[in-house]
Amino acid sequence: ESKNGVINDVFAYSNKFDNQYSLVIYNNKFANYSGRIHKAKTINSNHEWIFKKLGEAWNLHNGNSYFVTFKDMISGLSFIRNSADIYQDGLTLNLKAYEYAVYTDIEEHKDTDVNIYSRLNNKLLNKGTKNLEREKKMILLKPLLLKFENYLNPTLIINLSNMDNKEFRKFSPELKIRIEDFFSDFADWLK
């Protein structure tokens with residue numbers, strides 16, 4: 001569904017095997033599409049076809065501390081979305097003319113005490129990435145990398161390389177302090 005109503009030229013098929021979900025989407029028109037998939041048609045316990053919210057069909061939590069990750073098999077990119085957003089408003093899609101996507105590895109995660117999934121979701125802003133795990137590590141390492149940059153920045157390294165032995169000996173106590181401070185901060189960060 002788009003802001004202009006239901007789009008009949010975009011086809012979406014969701015499938016489930018055990019607890020694994022997939023979603024295939026195809027834009028069958030020479031026009032770009034931007035909108036959301038709100039509902040999924042599913043079979044209830046009486047073997048009748050019914051419509052459910054996509055979040056219900058995927059058994060998602062309707063809470064802001066849960067996040068869904070998935071991979072597009074066509075582009076090779078992985079994505080993250082807030083579970084409550086999908087549950088309440090559907091899954092946001094942007095497809096170019098005749099573009100399609102095949103989402104697999106659809107998994108829900110409860111956020112951690114350091115809010116890594118929330119931070120990852122805010123960083124990516126609905127964009128895909130080749131490696132979600134690497135992005136998570138970069139978020140966790142960012143404070144340490146900033147400290148490293150502060151203690152051993154490129155300007156300092158260039159200045160050191162341009163010094164003669166006498167100048168370096170004068171500067172080496174400051175460098176030693178910077179390195180000790182960095183490793184002290186690193187040890188604190190590891191705790």
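This report walks through the main sheet and the two biggest pockets of a predicted model.

## The sheet

Let's start with the scaffold. Strands of a sheet pair through backbone hydrogen bonds, and they can do so in a parallel or an antiparallel way. Here, five strands come together as an open sheet, and the pairing is antiparallel. Reading across, the order is E1-E2-E9-E6-E7. E1 and E7 sit at the edges with a single partner strand each, so one side of each has no neighbour in the sheet. On average, neighbouring strands are turned by 25° against each other, direction ignored.

Want a spot to look at in the viewer? Try the pairing of E2 and E9, which is antiparallel and runs over four bridges. Val24 has Val102, in E9, as its bridge partner.

## The helix on the sheet

Helix H3, residues 116-124, packs on this sheet. The strands H3 touches are E6 (66-72), E7 and E9. As for how H3 is set, its direction makes about 110° with that of E7.

## The largest pocket

Now for the empty space. Rolling a probe the size of a water molecule over the atoms shows where such space is left. The largest pocket comes out at a volume of about 810 Å³. It is lined by 30 residues, and the closest to its centre are Ala12, Ile37, Lys39, Ala40 and Lys41.

Which element gives the most to this lining? That would be E1, with seven residues. Plenty of other elements chip in: strands E1 (10-17), E2 (20-27), E3 (33-37), E4 (39-43) and E5 (49-53), along with helix H1 (54-57), supply at least two residues each. Sorted by class, the lining has 17 nonpolar residues, six polar ones and seven charged ones.

## The second largest pocket

The second largest pocket holds about 330 Å³ of space. Its lining is made of 16 residues, and those nearest the centre are Phe79, Asn94, Leu95, Glu99 and Tyr103. Strands E7 (78-82), E8 (91-95) and E9 (100-110) are the elements that give two or more residues to this lining. E8 has the largest share, with four residues.

How do the residues of this lining divide by class? Seven are nonpolar, five are polar and four are charged.

## Linking the two

It helps to place the pockets against the sheet. E1, an edge strand of the sheet, is the element that gives the most to the lining of the largest pocket. E7, at the other end of the strand order, gives two or more residues to the lining of the second largest pocket.

Notes:
Residues numbered from 1 in each chain as written. Predicted model: local features only at pLDDT ≥ 70, side-chain atom pairs only at ≥ 80, totals over all residues. Heavy atoms only, no water. 1 Å grid on protein atoms, 1.4 Å probe; cavity = no way out; pocket = protein on both sides within 12 Å on 5 of 7 lines; lining within 4 Å. Points joined across faces, edges and corners; volume = space filled by probe spheres on them. Nonpolar A, V, L, I, M, F, W, Y, C, P; charged D, E, K, R; others polar. Pairing = 2+ DSSP bridges. Axes fitted to C-alpha atoms, helices over the stretch in contact; angles between N-to-C directions. Contact = heavy atoms within 4.5 Å.
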